[in-house]
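Q: Hi, I'm new to this structure. Could you walk me through it?
A: Happy to; here it is.

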Amino acid sequence: MCGIVGFSSRRHSAVGPLVNGLRRLEYRGYDSAGVALQSDGGIRVYKQTGKVGELEKLLKEKLPAAERDAFKMGIAHTRWATHGLPTAANAHPHVADGGRLALVHNGIIENYAALRAGLEKRGVAFASQTDTEVLAHLIAQFDKDDFLSAVTQALKQVEGTYGIAVMSMRHPGEMVVARKGSPLVIGIGEHETVVASDVSAIVAHTRQVIYLKDGDVALVTPDGVNVYTLDNAPVSRDVQEIEFDLGAVEKGGFDHFMLKEIHEQPEALRNTIRGRLDKTDGTAILSGLNLTPRELAAVRRLVIVGCGTSLHAGMVGKHYFESLADIPTSPEQAAEFRYSNPIISPDDWVIALSQSGETADTLAAVRESMRKGALVSGLCNVVGSTIAREVGRGVYLHAGPEISVASTKAFTAQVTALLMTALKLGRTRRLSREEGLRLVAEIERIPDLVGAVVARSNEIAAIAEKRCKAEDMFFIGRGVLYPTALEGALKVKEIAYLHAEGYQAAELKHGPIALLTEKTPVVALLADIPGKEKTVGNVQECRARNAPVVGVVTEGDEEAASHVDDAIFVPRTSEWVAPIVSVVALQLFAYHVARLRGCEIDQPRNLAKSVTVE
Ligand code: F6R
């Protein structure tokens with residue numbers, strides 16, 4: 001979704017760092033981009049619809065290289081339209097005070113209509129249909145001597161969410177930033193300060209960062225930052241070190257981030273697992289959960305909340321928790337859950353699954369669960385993200401930055417982390433030390449097993465070539481492999497723009513089978529685990545309707561392979577690891593189908609990486 005970059009330096013022009021910062025945020029999904037630059041002579045704004053490349057062209061045309069040095073401070077934005085069409089007028093930055101104040105904003109100002117009506121009554125003219133412009137004018141109304149209090153006075157009138165960066169010619173060299181419900185990070189460099197909604201736009205400049213908390217407002221200059229509350233009281237925030245380097249947010253020779261991230265999975269999973277397996281007692285060490293064995297033993301029910309791919313990971317988790325720890329588990333779509341007035345009791349444990357840690361519905365589900373007294377933990381990838389911080393306990397995935405909009409390594413890391421959590425919980429219950437040790441050994445093998453599937457990329461590409469012209473596909477699986485079918489279908493929808501549905505293998509004949517023809521490939525999850533024979537039966541039903549079948553089959557299982565038109569082989573594993581190796585095959589299948597169809601893989605249309613609106 002929307003992205004913010006701000007830059008303030010004593011020495012360097014802000015133009016290059018701002019545009020490069022926007023490029024790093026492109027993966028989040030957006031439809032227009034803009035930049036506001038401050039020099040002693042005033043503020044200049046450049047905005048354009050389309051990609052950052054279009055904005056760069058505009059800057060080349062309108063801002064000669066020789067003039068750029070004068071602009072040492074600026075703010076920039078990529079917009080994902082909510083209020084008003086994706087036009088240049090609606091793009092950020094928005095200006096007020098006759099062009100002397102400029103602001104960029106992520107989030108939604110819910111009471112913008114009332115605020116706008118009030119400002120219009122006072123004679124303010126609006127240039128856009130956005131909620132953001134209201135905030136620019138509101139700050140301008142208060143902007144006299146003290147910039148920080150002008151911003152805080154305005155923010156106190158706002159209902160909704162925001163991450164903002166604002167600058168004003170009344171206070172040259174100062175930038176004010178603030179956050180509530182929308183992330184904002186400040187990078188501290190040498191005589192330069194960088195602000196961004198995401199650390200990937202900062203890491204090229206510095207690895208020393210401050211993660212603002214909700215309700216924080218900060219005054220930023222090239223020499224550093226001072227953080228305050230909304231009541232202008234100073235607060236202290238720790239400087240932390242970003243745990244990855246620039247290489248992690250670059251393609252590193254791959255054609256797409258998605259392909260890079262699929263290939264990174266063995267390493268990402270090693271990082272998820274590292275130091276978390278206890279080979280003496282056959283359990284997992286998840287100290288971030290901060291729960292005593294007594295507290296773990298008291299859990300009566302698990303609820304896993306998430307959206308999209310994270311929800312699918314949660315659905316795999318249900319099988320783990322119920323089979324290994326005997327705990328009834330409900331995976332819940334976070335938006336449905338939050339509005340369902342959920343029945344929660346104090347011995348419920350709610351696990352929030354979110355790669356970004358910023359998904360609005362998952363965050364709201366977390367808050368609702370905390371309000372009702374549940375034990376709540378997070379399973380997030382992005383360090384310092386809102387969900388991770390609000391719950392205060394959980395398991396970080398350590399999968400490294402996921403740039404591609406289509407989630408891949410986060411899914412396998414989430415499932416692996418859930419398996420470790422189930423192991424830990426299981427060991428507080430009926431799971432024996434021997435069973436625990438067997439599982440520990442199996443979890444240790446996951447990175448290599450995943451690597452073996454990744455190595456089959458070319459074979460999978462050849463199978464994708466045969467099926468890439470289809471316009472409809474079905475993915476079927478049963479038991480622990482059903483969520484994998486859903487995930488495979490989601491990947492194909494997202495990046496190949498192909499209609500795909502995931503079904504429980506047995507459910508197909510209760511209706512959808514009517515759609516099967518020789519033009520509707522079926523991808524069947526046939527790893528050799530309990531239930532496989534029954535899925536083979538469902539495959540036969542599909543083939544009897546002339547549907548071509550691609551099977552994800554265990555290596556050496558020639559019997560299962562003989563029932564499908566094309567087999568993608570995955571290593572033999574237990575049923576717990578089968579969803580992980582199988583999904584990697586489907587990620588590669590979706591990737592190659594999308595590539596062969598010529599689709600925009602890393603930034604699929606209409607999608608955003610982190611969905612911070614309802
Ligand atoms: C699919 C995908 C989305 C996300 C969903 C939740 O490839 O990326 O479905 O999984 O938007 O995002 P997080 O995990 O950040 O909460």
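A: A word on terms: domain bounds here come from an automatic or database domain assignment. This is a predicted model, where local features need pLDDT of at least 70, side-chain atom pairs count only at pLDDT 80 or more, and totals for chains, interfaces and linings use all residues. Residues are numbered from 1 along each chain as its sequence is written, and side-chain values use heavy atoms, leaving out hydrogens and water.

Q: Cool, which domains does the assignment give for the protein chain?
A: The assignment gives domain 1 (3-249), domain 2 (253-446) and domain 3 (456-614).

Q: What separates the centres of domain 1 and domain 2?
A: Taken over C-alpha atoms, those centres are 34 Å apart. In the contact (heavy atoms within 4.5 Å), domain 1 supplies 12 residues and domain 2 supplies 14 residues.

Q: And how much area do domain 1 and domain 2 bury between them?
A: About 1,100 Å², with 52% of it on carbon and sulfur atoms. Buried area is the accessible area (1.4 Å probe) that two parts lose on being put together, summed over both.

Q: How many salt bridges are counted between domain 1 and domain 2?
A: The count is one. A salt bridge puts a side-chain nitrogen of Lys or Arg within 4 Å of a carboxyl oxygen of Asp or Glu.

Q: Switching topic: how many disulfides does a search of the whole structure find?
A: Zero; a disulfide would need a pair of cysteine sulfur atoms within 2.5 Å. For C307, the nearest cysteine sulfur belongs to C380, 12 Å away.

Q: Why is C599 without a bond to C468?
A: Because the closest cysteine sulfur to that of C599, in C468, is 9.8 Å away, too far for a bond.

Q: Is C599 buried or exposed?
A: C599 is buried, at a relative accessible area of 15%. Buried means under 20%, exposed over 50%, and partly exposed in between (1.4 Å probe, protein chains only).
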